[in-house]
Amino acid sequence: MDILIERACGLDVHKDNITACIITPKGKEIGTFSTKTVYLIELVDWIKEHKCTHVAMESTSVYWKPIVNLLEADDIEFLVVNAQHIKAVPGRKTDVKDAEWIAKLLRHGLLKASFIPDRNQRELRELVRYRRSIIEERARQLNRIQKVLEGANIKLGSVVSNITGVSSLDMLRSIANGVEDLDVLANYARGVMKQKKEQLKLALQGYIQDHQRFMIKTIIDHYDYLTNTIDMLDKEIAQRMREYQEDIERLDSIPGIATRMAEQILAELGTNIKKQFPSAPQMCSWAGLVPGNNESAGKRKSSKTRNGNKYLKSALIEAAHSLRGSKNYLGALYRRTASRKGKKRAAVVVAHAILRIAYYLLTRKEMYVDLGEDHFDKQRQQSIVKHSLRRLESLGYTVEIKEQIVS
């Protein structure tokens with residue numbers, strides 16, 4: 001097998017130490033280094049001393065990030081590779097052998113690098129992912145409030161559609177502070193909720209204890225803190241994405257995609273997707289939104305979707321589920337697929353469609369134009385006419401079809 005890279009380094013990365021193997025025309029050299037920054041700098045210097053042009057390592061948890069930061073600063077070409085793609089041959093397994101195996105594969109050009117964005121995008125990813133986790137945590141706090149209220153026999157959620165509205169939060173804070181007068185609590189109602197005062201009085205009458213008041217107050221304080229944190233993250237992310245506002249507006253034009261979702265798509269994919277993903281199918285495959293391909297001896301095995309970017313995939317599937325009742329092309333696609341394959345598969349199909357649309361909008365610099373809810377009916381117009389005609393004739397009707405002339 002031809003050697004494509006003369007001087008290569010393979011790294012077996014762990015939490016506390018790194019085993020490195022450098023292979024050059026002169027031979028092989030092994031070194032072990034701590035993961036503390038001082039020793040990582042020594043590792044980089046050691047690599048530079050041997051004039052290694054390429055370094056490869058497994059994408060082990062987040063342990064590869066400090067090494068990549070230093071290699072990137074010194075303009076050394078690196079490959080972070082999926083661990084499943086470089087499984088060592090069977091036999092004795094040691095850290096030294098793993099590092100040597102990675103170096104050998106690298107020298108022969110048998111490694112395929114994972115997509116590692118630049119430093120600015122990595123920072124943006126961390127902010128966006130953290131914001132999403134905080135939003136999910138805030139949703140869990142709402143569920144906890146609802147459980148406490150049910151335990152106190154307070155049925156506020158049965159009267160109001162959102163227990164985190166301004167009126168509802170004022171009522172809950174008053175309950176937590178010891179207010180028991182139902183008239184006082186009902187008077188916090190604002191807007192159209194004023195019409196439900198009698199229902200509110202019935203819903204707010206319960207048997208609340210001191211520990212439940214304490215729980216409500218603690219949860220609401222935590223909820224407010226999380227809301228403030230989300231607002232700060234929104235401002236920081238908006239500041240970092242200010243120059244990509246046009247791309248955000250293009251993505252925002254897709255049904256089911258709002259500003260936060262658009263920011264997450266750009267954070268995960270990057271702003272120059274044409275360079276990283278030559279085609280839309282490749283990008284969808286990277287996100288894990290395509291069927292698996294597993295065939296042997298002429299038999300097709302499970303075709304479940306492959307593993308991909310879990311953050312992007314879950315966000316797009318969430319957006320797809322929100323379109324199930326929409327009167328547009330994507331909503332029609334969801335309902336059409338769900339009727340045959342179920343809601344979960346329909347969500348994956350629509351998420352795949354959204355990502356393909358996003359690819360073309362970003363690469364062509366266009367806004368989304370909806371095909372319409374009747375797009376599939378138009379495609380199948382002749383088939384629908386023939387099917388309807390046969391159904392009516394089978395029921396004993398004689399039908400004459402004339403095409404309507406639109407003036």
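Biologist: When do two strands count as paired in this predicted model?

Modeller: The model is predicted. Two strands pair if DSSP finds at least two bridges between them.

Biologist: Which residue in E2 does Cys-9 stand opposite?

Modeller: Strand E1 covers residues 8-13 and runs antiparallel to E2, with 6 bridges joining them. A hairpin of 3 residues also connects E1 to E2. Opposite Cys-9, the residue in E2 is Ile-22.

Biologist: What is the bridge partner of Ile-18 in E3?

Modeller: E2 and strand E3, residues 27-34, run antiparallel and are joined by 8 bridges. The hairpin from E2 to E3 passes through 2 residues. In E3, Ile-18 has as its bridge partner Phe-33.

Biologist: How many residues of strand E2 are buried?

Modeller: Buried means under 20% relative accessible area. Strand E2 spans residues 17-24 and is mostly covered. Of its 8 residues, the number buried is 7.

Biologist: Which helix gives the most to the positive patch?

Modeller: The positive surface patch consists of Arg-336, Arg-340, Lys-341, Arg-345 and Arg-380. With 3 residues in the patch, the element that gives the most, at residues 329-341, is helix H14.

Biologist: Why is Lys-341 described as partly exposed?

Modeller: Lys-341 lies in helix H14 and belongs to the positive surface patch. Buried means under 20% relative accessible area and exposed means over 50%, with partly exposed in between. Lys-341 is therefore partly exposed, because its relative accessible area is 47%.

Definitions and conventions. Residues are numbered from 1 along each chain as its sequence is written. This is a predicted model: local features need pLDDT of at least 70, side-chain atom pairs count only at pLDDT 80 or more; totals for chains, interfaces and linings use all residues. Side-chain values use heavy atoms; hydrogens and water are left out. Patches are made of residues with over 30% relative accessible area and no salt bridge: like charges are joined within 9 Å, nonpolar side chains (Val, Leu, Ile, Met, Phe, Trp, Tyr) within 5 Å. Accessible areas come from the Shrake-Rupley method with a 1.4 Å probe; for residues, only the protein chains shown count as cover. A salt bridge is a side-chain nitrogen of Lys or Arg within 4 Å of a carboxyl oxygen of Asp or Glu. Lys and Arg count as positive and Asp and Glu as negative; His and the chain ends are not counted. The place of a charge is taken as NZ of Lys, CZ of Arg, CG of Asp or CD of Glu. Helices (H or I, at least four residues) and strands (E, at least two) are DSSP runs, numbered from the N terminus. Buried means under 20% relative accessible area, exposed over 50%, partly exposed in between (1.4 Å probe, protein chains only).
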